[in-house]
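Work through the exercises below with the sequence and the model open. Each task is followed by a solution in steps.

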Amino acid sequence: MTLPLFEDAESGQPWREALCPGAVVLHNFATAAGATLLTTLHDIARQAPFRHMITPGGFRMSVAMTNCGSCGWLSDRTGYRYAATDPESGKPWPPLPEAYLKLARAAAASAGFPDFEPDACLINRYAPGARLSLHQDKDERDFTQPIVSVSLGLPAVFLFGGLRRNDKAARVLLTHGAVVVWGGPARLRYHGILSLKAGYHPLVGEQRINLTFRKAI
DNA sequence: TAGTCCCG
DNA sequence: CCTA
């Protein structure tokens, strides 16, 4: 339950970094589970391929996305929303694997959110140069449920801002296995990812994968 | 006419 | 620029 506290990011040992009330980074929390998560990811991506969605403004997102779970996050010209089916195939999104659910619940509980029941997992793939500018996650119904974000592969700089877009954002390096959990007073904080720097990760290759768990409905 | 998770 |  209580995670050991280590100050050495390179040790492979878990350690926690508090960002603000309601938000914490659990470094190396998912490092051991990484290989299993990625094997399962290949099955999901075969059923629901990664695609570059279009924002309501008509712009192509640099991050490639897919989903698993009973609903998935979508963006197109008409706006942002959750939907039970993949518009590319008309079929339901692949189910949320039990291993994903267990990891998300464990991370949430470790961060002080013991009753997290995610129904959506957005899967983001960052190639070098891909980024996500500052935004809020506010398409979900219940803001008492936290956000759980799992990083795999290449490291990326996470921006964690305030409740207004112009609030100064903290910068946190998220390496393979890091899990960020934010909820409560931090639930609607702006966040984003800086342009991914090229590199090679032994397990994931030349990319970064992010799994974002949410209770959408 | 507000919102906009784009790029510069 | 769109659309809601």
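**Exercise 1. The surface near DNA strand B**

Task: In this predicted model, find how many residues surround DNA strand B and which are the closest.

Solution.
- Step 1. DNA strand B is surrounded by 17 residues. The closest are Phe 59, Ser 133, His 135, Asp 139 and Arg 165.
- Step 2. Sort these surroundings by residue class: six are nonpolar, six polar and five charged.
- Step 3. Look for the element that gives the most to this surface. That is strand S7, residues 132-135, with four residues.
- Step 4. Turn to the DNA side. Among the atoms of DNA strand B within 4 Å of the protein, 65% are sugar or phosphate atoms, and the rest belong to bases.

**Exercise 2. Polar atoms at the DNA**

Task: State which part of DNA strand B, base or phosphate, faces a polar atom of Gln 136, of Asp 139 and of Arg 165.

Solution.
- Step 1. For Gln 136, a polar backbone atom lies 3.5 Å from a base nitrogen of DNA strand B.
- Step 2. For Asp 139, the side chain supplies the N or O atom, and a base nitrogen of DNA strand B is 3.2 Å away.
- Step 3. For Arg 165, a polar side-chain atom is 2.8 Å from a phosphate oxygen of DNA strand B.
- Step 4. The answer is therefore a base for Gln 136 and Asp 139, and a phosphate for Arg 165.

**Exercise 3. The annotated binding site**

Task: Take the "binding site" of the unreviewed UniProt entry and find which of its residues line the largest pocket.

Solution.
- Step 1. UniProt lists Asn 124, Arg 125, Tyr 126, Arg 208, Ile 209, Asn 210, Leu 211, Thr 212, Phe 213 and Arg 214.
- Step 2. From this set, Asn 124, Tyr 126, Arg 208, Asn 210, Thr 212 and Arg 214 belong to the lining of the largest pocket.
- Step 3. Place Tyr 126: it is in strand S6, residues 120-126. Its relative accessibility is 2%, so Tyr 126 counts as buried.
- Step 4. List the contacts of Tyr 126 beyond four places in sequence: Val 63, Arg 131, Leu 132, Ile 193, Leu 196, Gln 207, Arg 208 and Asn 210.
- Step 5. Place Asn 210: it is in strand S13, residues 208-214. Asn 210 counts as buried because its relative accessibility is 4%.
- Step 6. Beyond four places in sequence, Asn 210 touches Leu 122, Ile 123, Asn 124, Tyr 126, Ser 149, Val 150 and Ser 151. The side chain of Asn 210 reaches the backbone oxygen of Val 150 at 3.1 Å.
- Step 7. For the wider annotation, the unreviewed UniProt entry has "domain: Fe2OG dioxygenase" at residues 117-217. This span is 0% helix and 42% strand, and its end C-alpha atoms lie 10 Å apart.

**Exercise 4. Buried or exposed?**

Task: Decide whether Ser 75, His 201 and Pro 185 are buried or exposed, and describe what each one touches.

Solution.
- Step 1. The cut-offs are under 20% relative accessible area for buried and over 50% for exposed.
- Step 2. Ser 75, in strand S4 (residues 72-76), has a relative accessible area of 6% and is therefore buried. A polar atom of the Ser 75 side chain lies 2.7 Å from the backbone oxygen of Ile 54. Ser 75 also touches residues including Met 53, Thr 55, Pro 56 and Tyr 80.
- Step 3. His 201 sits in the loop between strand S12 (191-193) and S13. At 15%, His 201 is buried. Among its contacts beyond four places in sequence are Gly 153, Leu 154 and His 176.
- Step 4. Pro 185 is in the loop between strand S11 (179-182) and S12. With 60%, Pro 185 is exposed. Its contacts beyond four places in sequence are Pro 21, Gly 22 and Leu 163.
- Step 5. Compare sequence and space for Pro 185 and Cys 20: they are 165 residues apart in sequence, and their C-alpha atoms are 9.0 Å apart.

**Exercise 5. A backbone angle**

Task: Find the sign of phi at Asn 28 and set it against the general rule.

Solution.
- Step 1. Most residues other than glycine have a negative phi.
- Step 2. Asn 28 has a positive phi, near 60°.
- Step 3. Asn 28 lies in the loop between strand S2 (23-27) and helix H1 (34-47). Its relative accessible area is 11%, so Asn 28 is buried.

Notes. Residues numbered from 1 in each chain as written. Chains lettered and ligands numbered in written order. Predicted model: local features only at pLDDT ≥ 70, side-chain atom pairs only at ≥ 80, totals over all residues. Heavy atoms only, no water. UniProt positions renumbered as here; feature names shortened; annotations may be inferred. 1 Å grid on protein atoms, 1.4 Å probe; cavity = no way out; pocket = protein on both sides within 12 Å on 5 of 7 lines; lining within 4 Å. Helix = DSSP H or I, 4+ residues; strand = E, 2+ residues; numbered from the N terminus. Buried < 20%, exposed > 50% of the residue type's maximum accessible area, 1.4 Å probe, protein only. Contact = heavy atoms within 4.5 Å. Polar contact = N/O pair within 3.5 Å; in protein donor to acceptor, adjacent residues only side chain to side chain. Near = heavy atom within 4 Å. Nonpolar A, V, L, I, M, F, W, Y, C, P; charged D, E, K, R; others polar.
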